[in-house]
Each structure stands twice: as C-alpha cells, then as structure tokens.
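Thanks for coming. I have one structure to show today, and I will keep to what can be read from its coordinates.

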Amino acid sequence: MMTYTDKILEVRDLHLHFKTYSGNVQAIRGVNFDLHKGETLAIVGESGSGKSVTTKAITRLLTQNAMILRGSINYKGQDLLDLTEKQMSKIRGNEISLIFQDPLSALDPVMKIGKQITETLRIKKGMSRAQAKAKALELMRSVDIPEPEKRFNEYPFQFSGGMRQRIVIAIALSCEPELLICDEPMTALDVTIQSQILDLIKAKQQEKDLSVIFITHDLGVVANVADRVCVMYAGKIVEVGTVEDVFYRPKHPYTWSLLSSMPSLESEKGDEL
Ligand SMILES: Nc1ncnc2c1ncn2[C@@H]1O[C@H](COP(=O)(O)OP(=O)(O)OP(=O)(O)O)[C@@H](O)[C@H]1O
Ligand SMILES: [Mg+2]
C-alpha cells in the first residue's frame with residue numbers, strides 16, 4: 001500500500017447545525033479526518049448522513065442558516081474557518097476545486113462553452129484573452145473533447161451529458177487545484193461514461209499529485225478509485241480505513257448494513273480488489 005507523508009487537510013471535531021423553523025438540525029456531530037497529498041479519500045454513507053455538508057463546510061459554501069459550532073479545518077497549516085470570505089474565495093476554485101452533485105447545472109446554458117472555460121481562467125488566473133483561449137483548448141483536448149476549436153464556440157445543449165461532464169471537470173481542473181472535491185459527480189451518467197470520467201480523474205491525479213475527496217453511493221467506484229474510505233452515519237465518521245479494511249473487515253455495525261445494502265460490491269469484488 002502507498003504511504004503518504006504530507007497532510008494537506010485535517011478536519012477536527014467539526015460540529016455544525018442548521019437552524020430551521022422546526023428547530024436545529026445537528027447535521028455534523030464531531031467529524032474528524034485527514035487527507036494527504038496525492039491521496040483519494042472516498043466518503044460513503046446513506047442519504048442525509050452529512051457527506052455534502054462536510055464538503056460544503058470545507059469550501060465554506062454553506063447556506064445562511066448553517067452554523068459551525070466548533071472544530072477546525074486545517075488546510076496546509078491554516079484553519080479555513082478563520083479566513084475572511086475574500087481570502088476563502090481566493091482558495092476556492094483556485095487551490096480547492098469542486099464538482100457538485102448536480103454537475104450539469106454547473107454550466108450556464110446560454111453561454112458558449114469556450115467562454116465558460118476562459119472566464120474562469122481570466123478571473124482566477126488573470127490571463128489575457130489569447131492566453132485563456134489557448135489554455136482552454138488545451139484543457140478541452142486533455143479531457144478528450146474532439147475538435148475543440150469547433151466545440152469552443154458551441155453551447156452546452158450541443159454537447160452530450162458525458163461531454164458536458166468532461167467540460168465541468170476541465171473547468172474544475174483549469175486552475176490546477178491541489179484538492180479536488182467530487183460530490184457524486186457521475187450519478188447522471190451511464191456506466192461507460194462513468195468509467196471514462198474516473199480514468200480521467202485518475203490520470204490527472206497522477207500527473208499533478210492531486211488530492212481528491214470523492215463522494216459516491218457506488219462501492220464499485222470506491223473500490224476503483226479510493227486509497228481510503230470514510231463511512232459517515234448521522235453526522236459522524238463511524239469508520240475509516242483502507243478499501244480492504246472497510247469492505248472486508250468492517251468494524252462498525254452500520255458499515256455491515258451499508259455494505260449488504262449495496263449490490264454493486266459483489267460484482268466488482270473479483271476484478272477490482
Ligand atoms: N440548508 C439546509 N438547511 C437545513 N438542513 C440541511 C440543509 N442542508 C442539509 N441539511 C441537512 O443536513 C443533513 C446532511 O445533509 P447532506 O446534504 O450532507 O447529506 P448527504 O450525506 O450529502 O446525503 P445525499 O447522499 O442524499 O447527498 C441532512 O439531515 C439534511 O437534511
Ligand atoms: Mg449529498
């Protein structure tokens with residue numbers, strides 16, 4: 001097994017609740033985990049267990065009614081919870097990139113694809129129009145978009161779902177992040193496209209020593225991409241370990257029931273582990 005030395009992220013004792021009309025919802029109740037440089041950490045757990053909220057806390061993209069009660073999110077030696085919104089927006093989409101649960105809605109339907117990529121580069125990297133265009137074409141090529149020069153001037157509806165998703169990944173990678181957070185980036189895609197997207201993320205990761213947090217319901221995908229797995233249940237991480245440990249030597253009763261409720265593991269067992 002690979003061993004990692006440099007810690008890039010350290011989440012400690014994170015507690016968070018949402019204020020709602022019917023009272024406070026304790027969404028995160030003491031989350032702790034580490035992420036190392038170049039590592040892929042998968043987060044699994046039932047719907048509502050707090051996976052998305054955890055990643056939104058890291059990127060500080062929480063809704064107004066969210067309140068962080070205590071804890072720290074140490075990213076390369078600084079607590080992200082101490083940063084101002086201005087400092088945080090420099091890190092977000094620059095050092096830390098996100099691909100959200102509903103990735104297709106991440107694209108603006110009435111803006112040409114090329115402009116959507118170059119805009120990020122111009123705002124986040126301060127590139128000139130010509131530099132941004134050259135970089136955008138290079139990115140489109142790197143995610144296997146055929147005929148990028150022609151595609152540059154097309155709108156999202158002219159792209160297939162898989163291609164749009166690759167564009168979203170290209171945008172997420174355009175700023176050369178150190179940490180990529182993927183929150184179920186593939187639920188809307190068919191299996192073949194899913195595996196292409198996974199291969200793409202893995203290739204980029206090897207090339208750039210990227211750290212990845214990958215949220216998914218698909219344990220086959222976990223087996224395929226993750227170095228370690230966190231299992232979330234009711235706002236806590238109840239188990240963390242290597243794929244082998246968590247899948248074959250689960251300690252927590254919740255992990256047993258999660259594994260037995262997920263049929264995809266059986267079919268992946270032979271070839272992935
Ligand atoms: N804006 C909000 N206001 C109130 N409660 C919220 C808000 N966002 C999330 N929650 C609550 O926080 C808890 C965790 O939600 P979260 O979205 O993190 O779940 P999840 O693990 O990502 O689930 P899924 O697998 O369905 O995406 C849930 O109980 C949810 O109802
Ligand atoms: Mg979610």
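I will go from the overall fold to the two domains, and then to the charged pairs.

First, a caution: this is a predicted model.

Start with the whole chain. The protein has 11 helices and 10 strands. Its radius of gyration is 19 Å, close to the 19 Å that the globule rule gives for 273 residues, so the protein is as compact as a globular protein of that length. If you prefer outer dimensions, the C-alpha trace spans about 55 × 45 × 40 Å along its principal axes.

Now the domains. The assignment splits the protein into domain 1, made of 1-95, 180-197 and 208-273, and domain 2, which covers 106-174. In the contact between them, 12 residues come from domain 1 and 9 residues from domain 2. Taken over C-alpha atoms, the centres of domain 1 and domain 2 are 27 Å apart.

How much area do domain 1 and domain 2 bury between them? The figure is about 720 Å², with 60% of it on carbon and sulfur atoms. On the domain 1 side, three residues stand out: N94, L180 and I197 supply 48% of the area that domain 1 buries against domain 2, more than any other three residues.

What about polar links across this contact? Between domain 1 and domain 2 the count of salt bridges is 0. There are, however, 3 residue pairs in polar contact between the two domains, with both residues at pLDDT 80 or more. Looking at which element contributes, helix α7, residues 191-208, gives the most to the side of domain 1 that touches domain 2, with 3 residues. By class, that side of domain 1 has 7 nonpolar, 4 polar and 1 charged residues.

Last, the charged pairs. Side chains of opposite charge can pair when their charged atoms come close. The structure as a whole holds 21 salt bridges, while the count between domain 1 and domain 2 is 0, as I said.

Let me show you one of the 21. The side chains of K7 and D34 meet in a salt bridge, at 3.5 Å from N to O. K7 lies in strand β1, residues 7-20, and D34 lies in strand β2, residues 23-36, so this pair ties together parts that are 27 residues apart in sequence.

That is where I will stop.

Technical notes: Residues numbered from 1 in each chain as written. Chains lettered and ligands numbered in written order. Predicted model: local features only at pLDDT ≥ 70, side-chain atom pairs only at ≥ 80, totals over all residues. Heavy atoms only, no water. Domains from an automatic or database assignment. Contact = heavy atoms within 4.5 Å. Buried area = accessible area lost by both parts, 1.4 Å probe. Salt bridge = Lys/Arg side-chain N within 4 Å of Asp/Glu carboxyl O. Polar contact = N/O pair within 3.5 Å; in protein donor to acceptor, adjacent residues only side chain to side chain. Helix = DSSP H or I, 4+ residues; strand = E, 2+ residues; numbered from the N terminus. Nonpolar A, V, L, I, M, F, W, Y, C, P; charged D, E, K, R; others polar. Rg over C-alpha atoms; globule rule 2.2 N^0.38 Å.
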